[in-house]
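I want a first look at this structure before doing anything else with it. These are my notes, in the order in which I looked things up.

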Amino acid sequence: MDINAGGNSRDLLKKLRETLAVEGDGQERLDHIVGLVAEHMGTEVCSIYLRRDRQTLELCATKGLKQESVHQTRLRFGEGLVGLVAKRAAPINAADAPQEKGFRYMPETGEELYTSLLGVPVQRLGEVLGVLVVQNKSARQFSEDDVYALEVVAMVIAEMKELGAFVGDGEAMTAPHQRPHLFKGTSAQEGSAKGVVLLHDPQIVVSNVVADDPEAEKERLSAAMDQLRLNVDDLLTSTNTGGQDQKDVMEAYRMFANSKSWVSRLETSIDRGLTAEVAVEKEQSATRARMARVPDPYLRERLHDLDDLSNRLLRLLTGQGRAAGDSVPENAILVARNIGPAELLEYGKTLKGIVLEGGSVGSHAAIIARAWAIPMVIHADPITREALNNDPILVDGDQGVVHLRPTEEVTSAFQDKIAMLTAAQTKYAAIRNEPATTLDGVTVGMQMNAGLMVDLPSLETSGAEGVGLFRTELQFLMRNAVPKRDELAALYSRVMDAAGDKRVTFRTLDIGSDKVLSYMKNISEPNPAMGWRAIRMGLDKPGVMKMQLQALLRGAKGRPMNIMFPFIAQYSEFLDSRAMLHAAIESEKKLGHAIPSEIKIGAMLETPSLAFAPDQFFETCDFISIGGNDLKQFFYAADRENERVRSRYDTLNVSFLSFIELIAQRCNSFNTPVSFCGEDAGKPVEALCFAAMGLRNLSMRPASIGPVKHMLRKANLAEAKQVIDTARGSGAQSVRKDLMEWLKNRS
Ligand code: PEP
Ligand code: MG
C-alpha cells in the first residue's frame with residue numbers, strides 16, 4: 001500500500017500512538033510497530049535497530065526477518081547499509097541492496113531473500129537513536145514520498161524512545177536518562193562537588209508526538225512563527241548598535257524565519273500527522289546531520305543559525321526553556337556545551353560545580369571557575385544529551401571525572417573523598433598566617449587574584465598578603481553597557497576598603513580575545529588572541545581607559561594603590577599608557593580631587609618580546625607581573641583555548657623555565673619587583689619551580705594559597721634548583737619527572 005497521501009500517513013501515526021497508550025512492555029510495542037509499518041508500506045520486512053551503546057546497533061524487532069536474530073544481531077555504526085544509515089544520519093534507498101557499496105549480509109537474519117532496502121535514521125535533535133528499515137523481495141525503488149513517510153514514522157519512534165516507550169531487557173532497551181553514566185573529561189579546576197544538574201540550555205521535552213487535527217497544528221505553528229518573526233525583528237533592532245557581523249547573523253535569522261520552504265516542509269510533516277513541535281524537531285535533526293557534514297565554515301554557521309532558530313521556535317511552541325532571571329537552585333551544578341565568561345558570571349558564585357562538553361582550561365570561564373574555587377570538568381561529552389535538570393551529579397575536578405545519576409556505592413566513596421579534602425583544608429588553615437618560607441630560609445610573597453567584590457573576603461580566609469591581580473574587566477563583562485565612572489569609582493573604593501592595609505594591584509581593562517563585551521562593536525579578526533585586545537584597544541580608542549583611570553584614582557580616595565597595564569608588548573606601549581595615567585592624575589589634581597598617596601605603575605609581561613625590551617623599560621617600570629597564561633601561549637605558539645595544542649607543552653618544560661629564569665634575572669638586575677600571576681602560580685609544583693628560578697612573588701586564586709604555601713614551607717629551594725639544573729643538563733624536555741621523584745623520595 002502506498003502511504004503517500006497524508007491521510008494514510010496520519011492513520012498510521014494514530015495507530016502508532018495507540019501502541020503508546022496501550023499497557024504493555026517495550027518489546028510488545030516494538031513488535032506491534034514493525035507489523036504496522038510493514039503493512040502500511042506494503043513491504044515484506046520492517047525492522048527496528050536501536051542503539052545499544054555509543055557505537056553499536058542491535059536488532060530489536062522485526063517483521064519478516066528471522067525472529068531468533070532479534071537481540072542477537074548487532075552492527076557497529078558504519079557497518080553494513082544499516083550501520084551506514086546510523087553513521088551518516090541519512091537515509092539509504094537501494095533498489096538492489098546487495099550491489100550497494102558497504103552492503104554486508106547477515107546470514108542469521110535470513111535477509112538473503114530480500115533485494116530492496118530503505119533505511120532511515122531514528123534520530124532526535126541530531127542524536128541517532130537507531131535505524132528503521134523496510135525491505136522487499138522485488139527490486140523496488142522506493143519513492144521520495146516513501147522516504148519521507150518512513151522518516152516521519154522514525155521521528156515518532158524517536159520521540160517514543162525518548163519517552164521511555166521501549167523499555168525492556170538488555171542494553172538497547174533501557175529507559176532513557178535513568179542509568180548511571182560516567183563521563184571522563186579533563187579537569188579545569190580541582191575539587192569535588194555533589195549536587196543536581198542545572199542545564200544551561202535544557203532540551204525541550206515533547207510529550208505530544210502525533211496530532212489528529214493538522215489544521216489546528218498549523219495554526220499553532222503559524223502563531224509561533226509570527227511570534228518568532230517579531231522576536232527576530234526585535235533582536236535586529238536591538239543589535240542596531242552592534243557590528244556588521246552581528247547584523248549579518250540577525251539578517252540570516254530573519255531570512256530563515258521568513259523562509260517559505262522551511263515553513264512548507266514543516267507543514268508537510270504536520271499533514272502527515274506530526275505535532276508542530278515534532279515537525280520542527282524533524283527538520284532540526286536533518287539540519288544537525290547536515291551541519292556535521294558541511295565542510296564550509298560559513299555554511300556551517302548559517303546552518304547553526306537555523307538550528308538556533310528551531311530552538312527558539314520549539315521554546316515558543318512548548319513554553320519550555322530557562323528564562324533570564326530564573327533563580328539558581330540549591331547545589332546546582334551547571335551543565336553546558338560551552339559557556340562564555342559573561343554568561344557564567346550571570347549564574348554567580350552559588351554554583352557548586354561546572355561541567356562542559358567542550359571548553360578549555362585556558363578560557364576565561366575556567367579562570368572564573370578557578371577564582372571562585374568551583375570544581376570544573378571540561379570535555380565531558382556528550383553530557384548535555386544525557387543529563388536532565390535536577391539529575392543527581394558528582395563532579396570530581398581532581399580526576400576530571402563526572403558521575404551522572406551515580407549509584408549509592410559511588411556516592412558514598414565520593415563523600416569519603418570530600419571528607420578528606422575538608423581535612424586538608426584544616427591543615428592549610430593552620431598555616432594561614434605563617435609566611436611561605438622555604439626550609440633554607442627563602443620567603444615567597446603570596447598574593448591572590450580577584451575580580452569581583454565577592455572575592456575580597458578571601459583575603460582574610462586565604463592568608464593572602466594582598467591582591468596581586470584585580471581583573472577589572474569582570475565588572476564590564478557582567479553588564480549590558482559600559483559601567484559609569486562613578487559606579488566604578490565606588491566599586492574600586494569598596495574593594496580597597498575591604499582590603500584594608502593590604503595592597504591591591506588593579507589591572508586596567510583587558511578585553512578582546514575570548515573576553516567579548518556584548519555591547520561593544522564586535523570586530524571580526526582572524527586570530528583575536530593576537531589581535532586588537534587589551535592595551536592595544538586602550539591606546540587606540542582611549543575613551544574608556546581614560547574613564548577607568550579616573551575611576552581608579554577617585555576610588556583610591558588618597559590611599560596608595562598599584563595600577564598595571566595588560567599585554568604590554570613593547571616599551572613604547574608602557575610609556576604611552578603611563579603618560580595617560582599621568583595626564584589623568586594631573587587632571588584630577590586640577591579638579592581638586594585627592595590623588596593616591598603613592599601609585600606604583602606596572603606592566604604585565606604576557607608576550608616574549610617584553611622580556612627583551614630595552615634596559616630603560618625595566619628601569620622605568622615600578623613592577624612587572626608575568627601573565628603566564630598568555631605568555632605561555634605565545635611562547636609555544638599554542639592557543640590557550642585549544643586543548644589539542646595547549647596540553648602538548650608542559651609548564652615545567654626546560655625552555656619555559658629557563659625563560660622565566662631569564663625574566664627574573666633581568667628584573668632583579670634592575671631591582672624591578674617581579675611576580676607571576678598566571679594560573680600556574682597556583683599549582684604547588686609549578687610554584688616551587690618558579691621560586692627556584694628566582695621569582696619571589698606569586699599571585700594566585702585564593703584556594704591555591706594553602707597548598708602552595710604548604711609545598712614551599714616543606715621544600716629546600718637550593719636542592720630543588722639543583723634537581724632542576726641536573727634535569728636541564730641531562731637534555732630532558734621537562735623537569736617534571738625528576739622533580740616529582742625528588743619530592744617523593746625526600747625525607
Ligand atoms: C595571564 O595571561 O596570565 C593573565 C593573568 O591574564 P588573563 O588570564 O586575564 O589573560
Ligand atoms: Mg593575559
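The entries below cover two sheets, the helices on them, two backbone details and one ligand.

**Entry 1: status of the model.** I note at the start that this is a predicted model.

**Entry 2: the six-strand sheet.** I looked up the strand order and found β3-β2-β1-β6-β5-β4, an open sheet of six strands with antiparallel pairing. I then asked which strands stand at the edges. They are β3 (74–76) and β4 (92–94); each has a single partner strand, so one side of each is left without a neighbour in the sheet. From one strand to the next, I read an average twist of 25°.

I followed one edge further. β4 is joined to β5 (residues 116–124) by three bridges, and the two strands run antiparallel. For Asn-93, I found the bridge partner in β5 to be Leu-118.

**Entry 3: helices on the six-strand sheet.** I looked for what packs on this sheet and noted helix α3, residues 80–88. Helix α3 touches β1 (45–51), β2 (56–63), β3, β4, β5 and β6 (127–136), and its direction makes about 145° with that of β6. I also noted α4, which lies across β1, β4, β5 and β6 and runs at about 40° to β5.

**Entry 4: a loop residue after α4.** Between α4 (144–162) and β7 there is a loop that holds His-177. I checked its backbone: His-177 is not a glycine, yet its phi is positive, about 55°.

**Entry 5: the eight-strand sheet.** β7 belongs to another open sheet, whose eight strands I list in the order β7-β14-β13-β9-β10-β11-β12-β8. The pairing here is mixed. As a reminder to myself, strands of a sheet pair through backbone hydrogen bonds, either parallel or antiparallel. The edges of this sheet are β7 (181–184) and β8 (186–189); each has a single partner strand, so one side of each lacks a neighbour in the sheet. Ignoring direction, neighbouring strands are turned by 25° against each other on average.

At the β8 edge, I found three bridges to β12 (residues 376–378), with the two strands antiparallel. Thr-186 has Ile-378 as its bridge partner in β12.

**Entry 6: helices on the eight-strand sheet.** Helix α11 (residues 364–371) packs on the sheet and touches β8, β11 (353–356) and β12; I read an angle of about 60° between its direction and that of β8. Helix α13 (residues 408–430) also packs on the sheet, touching β9 (192–199), β13 (392–396) and β14 (401–404), with a direction about 125° from that of β9.

**Entry 7: a cis bond after β12.** In the loop between β12 and α12 (383–386) I found Pro-382. The peptide bond leading to Pro-382 from Asp-381 is cis, with omega near 0°.

**Entry 8: ligand 1.** I asked how many residues surround ligand 1. There are 16, and the closest are Arg-471, Arg-507, Glu-606, Gly-627 and Asn-629. By class, I sorted this shell into four nonpolar, five polar and seven charged residues.

Next I looked up distances to oxygen atoms of the ligand. A side-chain N or O atom of Arg-471 is 2.9 Å from one. A backbone N or O atom of Asn-629 lies at 2.7 Å, and a polar backbone atom of Gly-627 at 3.3 Å. On its own, ligand 1 has 290 Å² of accessible area, and the protein covers 100% of this.

Last, I asked which elements give two or more residues to the shell. They are α11, β17 (466–471) and α22 (628–636). α22 gives the most, with three residues.

Terms used
Residues numbered from 1 in each chain as written. Chains lettered and ligands numbered in written order. Predicted model: local features only at pLDDT ≥ 70, side-chain atom pairs only at ≥ 80, totals over all residues. Heavy atoms only, no water. Pairing = 2+ DSSP bridges. Helix = DSSP H or I, 4+ residues; strand = E, 2+ residues; numbered from the N terminus. Axes fitted to C-alpha atoms, helices over the stretch in contact; angles between N-to-C directions. Contact = heavy atoms within 4.5 Å. Near = heavy atom within 4 Å. Polar contact = N/O pair within 3.5 Å; in protein donor to acceptor, adjacent residues only side chain to side chain. Areas by Shrake-Rupley, 256 points an atom, 1.4 Å probe, with all protein chains shown as cover. Nonpolar A, V, L, I, M, F, W, Y, C, P; charged D, E, K, R; others polar.
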